[in-house]
Protein chains: 2
Amino acid sequence: MTHCHTYIQALRNQGYRITPQREMIIETLAHGDVHMSAEEIYQQVLQRSKAVNLATVYRTLDLLVDKGYATRFMDSDGKLMYATEKHGTHLHLTCRICGNNYQTDANLLNPLIRQIEEMTGFKADFEHIALSGICKNCLDQNINTLKKEKEV
Amino acid sequence: MTHCHTYIQALRNQGYRITPQREMIIETLAHGDVHMSAEEIYQQVLQRSKAVNLATVYRTLDLLVDKGYATRFMDSDGKLMYATEKHGTHLHLTCRICGNNYQTDANLLNPLIRQIEEMTGFKADFEHIALSGICKNCLDQNINTLKKEKEV
DNA sequence: TCCGCTATTGCAATTATTTGCAATAATATA
DNA sequence: TATATTATTGCAAATAATTGCAATAGCGGA
Ligand SMILES: [Mn+2]
Ligand SMILES: [Mn+2]
Ligand SMILES: [Zn+2]
Ligand SMILES: [Zn+2]
């Protein structure tokens with residue numbers, strides 16, 4: 001019993017109809033790579049059945065994101081990527097200089113999420129977040145350049 | 001001397017050419033609403049001069065984001081929005097149920113950013129972040145429904 | 001099992017964003 | 001100020017993502 005069945009069951013309980021398209025799309029995302037684009041999911045589902053449409057993939061992904069079962073973020077090429085939260089939470093650090101992507105323990109977010117809840121009552125999902133900044137390598141290499149920029 | 005001149009000057013110092021298009025686009029974003037779409041900026045710049053192209057707006061906004069002078073996020077309609085960091089840092093909380101958008105003191109992020117830097121050396125920008133979750137209102141109203149979902 | 005209701009799909013059209021390329025214009029240099 | 005260099009622009013085409021609508025098919029009830 002894998003987690004994609006949890007999502008499917010939860011959707012059914014909320015009154016959503018379970019179509020073969022939705023099942024295949026959810027299974028593909030849940031069992032595939034951590035991050036997948038709509039197009040990648042579409043191509044994989046196509047190999048199983050001709051009865052899918054890219055628009056349906058987008059709509060199903062939207063539904064999953066709405067429900068909080070998946071997260072969406074924009075990769076460095078500007079394309080939207082999706083991941084189920086069951087693949088583990090993410091904290092992406094993207095370097096503005098070299099473009100490298102670092103992943104960090106998402107537990108770092110726990111205190112932030114707890115504090116937001118205490119202060120505002122808002123219960124933030126413990127999910128994928130992407131922060132941009134400058135990585136250690138680039139900081140070291142560009143320390144002089146950066147100093148000059150700051151002086152402006 | 002407004003902050004848009006700071007960005008323009010910084011770009012010049014880095015060897016970027018300062019064109020009237022770039023000036024107008026940067027001024028418009030820096031002096032306009034906190035969040036603006038590329039299309040909105042384009043329309044405002046058009047009123048000043050016919051010599052702008054939407055593609056140039058997108059390219060200039062990309063440059064600002066790359067340099068860390070502006071941030072980009074996707075609004076609830078799926079459109080990309082831009083804001084200069086000089087408009088103040090943001091912490092958006094978007095409710096998955098009612099769709100409302102709450103803004104919170106971005107200083108909440110300070111400890112997280114500090115901890116990331118200590119652990120990884122990555123210097124995250126102190127910038128616009130959007131978290132999704134469920135707001136207090138919706139939590140209260142839907143507490144039973146949510147409980148049921150969890151049991152699945 | 002069949003039927004009716006209506007959510008969901010596929011398709012095509014629309015909108016949003018990106019990109020290649022030739023023309024233009026910003027800057028450095030003389 | 002005139003010239004050379006090359007980054008930037010505008011345009012049009014490509015790609016990514018969304019949406020309206022008629023056809024289809026889940027699912028609950030007879
Ligand atoms: Mn991720
Ligand atoms: Mn913002
Ligand atoms: Zn880097
Ligand atoms: Zn809400």
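Which side chain has an N or O atom 3.0 Å from a sugar or linking oxygen of DNA strand D? That is Gln21(B). Polar contacts here are pairs of N or O atoms within 3.5 Å.

Some ground rules. This is a predicted model: local features need pLDDT of at least 70, side-chain atom pairs count only at pLDDT 80 or more, and totals for chains, interfaces and linings use all residues. Residues are numbered from 1 along each chain as written, chains are lettered from A in the order written, and side-chain values use heavy atoms, without hydrogens or water.

Now the two copies. Chain A lies on chain B with an RMSD of 0.1 Å, after a turn of 180 degrees and a shift of 0.0 Å along the axis. The fit is least squares on C-alpha atoms of residues with pLDDT of at least 70 in both copies. This is the relation of a two-fold axis. In chain A, the C-alpha of Leu112(A) is nearest that axis, at 3.4 Å.

Back to DNA strand D. A residue is near the strand if one of its heavy atoms lies within 4 Å of it. There are 19 residues around the strand, and among those that come nearest are Arg17(A), Tyr58(A) and Arg22(B). By class, eight are nonpolar, four polar and seven charged. α4(A) gives the most, three residues.

What does the protein meet? Of the strand's atoms within 4 Å of the protein, 69% belong to sugar or phosphate, the rest to bases. Tyr58(A) has a polar side-chain atom 2.5 Å from a phosphate oxygen. Val52(B) uses a backbone N or O atom, 3.4 Å from a phosphate oxygen.

Methods. A polar contact is a pair of N or O atoms within 3.5 Å; within protein, one must be able to donate a hydrogen and the other to accept it, and residues adjacent in sequence count only if both atoms are side-chain atoms. Helices (H or I, at least four residues) and strands (E, at least two) are DSSP runs, numbered from the N terminus. Ala, Val, Leu, Ile, Met, Phe, Trp, Tyr, Cys and Pro count as nonpolar, Asp, Glu, Lys and Arg as charged, and the others, Gly among them, as polar.
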